[in-house]
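Reader: I have the sequence and the coordinates open. Can we go through some strands and then the cysteines?

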Amino acid sequence: MKPRTCLILDIGSGTQDVLLYQDGLELENCAKFVLPSPARYVAARIGELTAAGRDIYLHGRNMGGGFWRAVKAHQDAGLGVFAHPEAALALGDDLEQIRGFGVTVTERAPLNAAQVRLSDFDPGFWEGFLRHAGLDQPDMILACVQDHGFHPGKSNRISRFRYWEKFMREDEGRLFRLLYREPPAEMTRLCALRKAIGAGLVADTGAAAMLGALFDKEVEESAARDGVLIVNIGNSHTIAFLVREDRVWGVYEHHTGFLDQAKLLEHLSLFRCGGLAGLRVFEDGGHGCVISERLPGSFARTVVIGPRRNMLAGAAGVEFPAPGGDMMLAGCFGLLKGWRSLESAS
């Protein structure tokens, strides 16, 4: 029987971090990649068409909107931007607002416009990439992206944090409820990703990073014993979790660009002991903070991952693990851990 091969992707704003996992193969011998994010490919393509003086038509699926600056530069050059309604959602929840930005939303592509396809996952790209590299095609795919949710007319900071509040309230913080065969309908980017990958599981990048930290056996043991504070300092967002055993007891999320070492350490100190108010984080430009009323541990151990983890370099009592031997793939190892746990439970 052919060993199962799983393509695992953590799709961020700057990079997509990828693990091609194969049953029976040592993790160290599995293929790993750190590639530009799909949004950067889209931005580069739009830049080429700006230089060529071509109008553009965005079509395909909702995806990460990290190419907005390229769209604005295209407009500033006096060129037209058209978008299919589904693709336009990559630029924002409210289509009327998108029209107000000068984007023509239409189901029909203008004949003179160059088409730009949007998707966080392109099956054709990965089939060709793996084939040229001499690697097996996957039997299934696990993938994560950051999703603010679909809430027209409301701050996406509020709508995103409602996702975490709902998880804490309705799912009681159970770790593996964060992986989805069918994502919540309001998480439109995750739903689009789920359709694109076919068979597999999807998750938010914050959840994947947290599970990735727990992929480290020592961190997992600390979580089981006294609880652990897991911090992921990403390029755009910083998210932290209080984890004990198989539950999350608190979630904190802010914009990385609004933080420095002193402020983040202050927030984390209050967060650890249940003293950080969600309103304070929101008024500071972040998303929020939700903490269970009764914390079951000290959460004294602090582990930090993420591409901008150096923000806390030199801070007392902070550790920088490398789950699976490669910190940049922590989200991939988290998805792998979640998949294995769900399989063993079933």
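Reader: How many bridges join β13 to β14, and in which sense do they run?
Author: This is a predicted model, to start with. In it, β13 and strand β14, residues 288–291, run antiparallel and are joined by four bridges.

Reader: Which residue stands opposite C289 there?
Author: Y252 does; C289 belongs to β14. Y252 in β13 is also the bridge partner of A240.

Reader: How many bridges join β12 to β13?
Author: Eight, with the two strands antiparallel; β12 covers residues 237–244. β12 and β13 form a hairpin that has two residues between the strands.

Reader: What is the phi of E245 in that turn?
Author: Positive, at about 55°.

Reader: And how many residues of β13 are buried?
Author: Eight of the nine, so to speak of the strand as mostly covered is fair. β13 spans residues 247–255.

Reader: Back to C289. Buried or exposed?
Author: C289 counts as buried, because its relative accessibility is 11% and the cut-off for buried is under 20%.

Reader: How many disulfides does the count give?
Author: Zero. C30, for one, is in no disulfide, and the nearest cysteine sulfur, that of C6, is 10 Å away. C30 is buried as well, with a relative accessible area of 5%.

Reader: Why is there no bond from C289 to C273?
Author: The sulfur of C273 is the closest cysteine sulfur to that of C289, but at 10 Å it is too far for a bond. A disulfide would need the two sulfur atoms within 2.5 Å.

Reader: Different topic. What is the strand order in the open sheet with parallel pairing?
Author: The order is β6-β5-β4-β7, four strands in an open sheet.

Reader: Which strands stand at the edges?
Author: β6, residues 104–105, and β7, residues 114–118. Each has a single partner strand, so one side of each is left without a neighbour in the sheet.

Reader: How many bridges pair β5 and β6?
Author: Two, in the parallel sense; β5 is residues 81–83. A83 stands opposite V105 in β6.

Reader: Where do side chains point in a regular strand?
Author: As a general matter, they alternate between the two faces of the sheet.

Reader: Last one. Which strands does helix α1 lie across?
Author: Helix α1, residues 38–51, lies across β4, residues 56–60, and β7. The helix runs at about 170° to β7.

Methods
Residues are numbered from 1 along each chain as its sequence is written. This is a predicted model: local features need pLDDT of at least 70, side-chain atom pairs count only at pLDDT 80 or more; totals for chains, interfaces and linings use all residues. Side-chain values use heavy atoms; hydrogens and water are left out. Two strands pair if DSSP finds at least two bridges between them. Contact means heavy atoms within 4.5 Å. Axes are lines fitted to C-alpha atoms, for helices over the stretch in contact, and angles run from 0 to 180 degrees between N-to-C directions. Buried means under 20% relative accessible area, exposed over 50%, partly exposed in between (1.4 Å probe, protein chains only).
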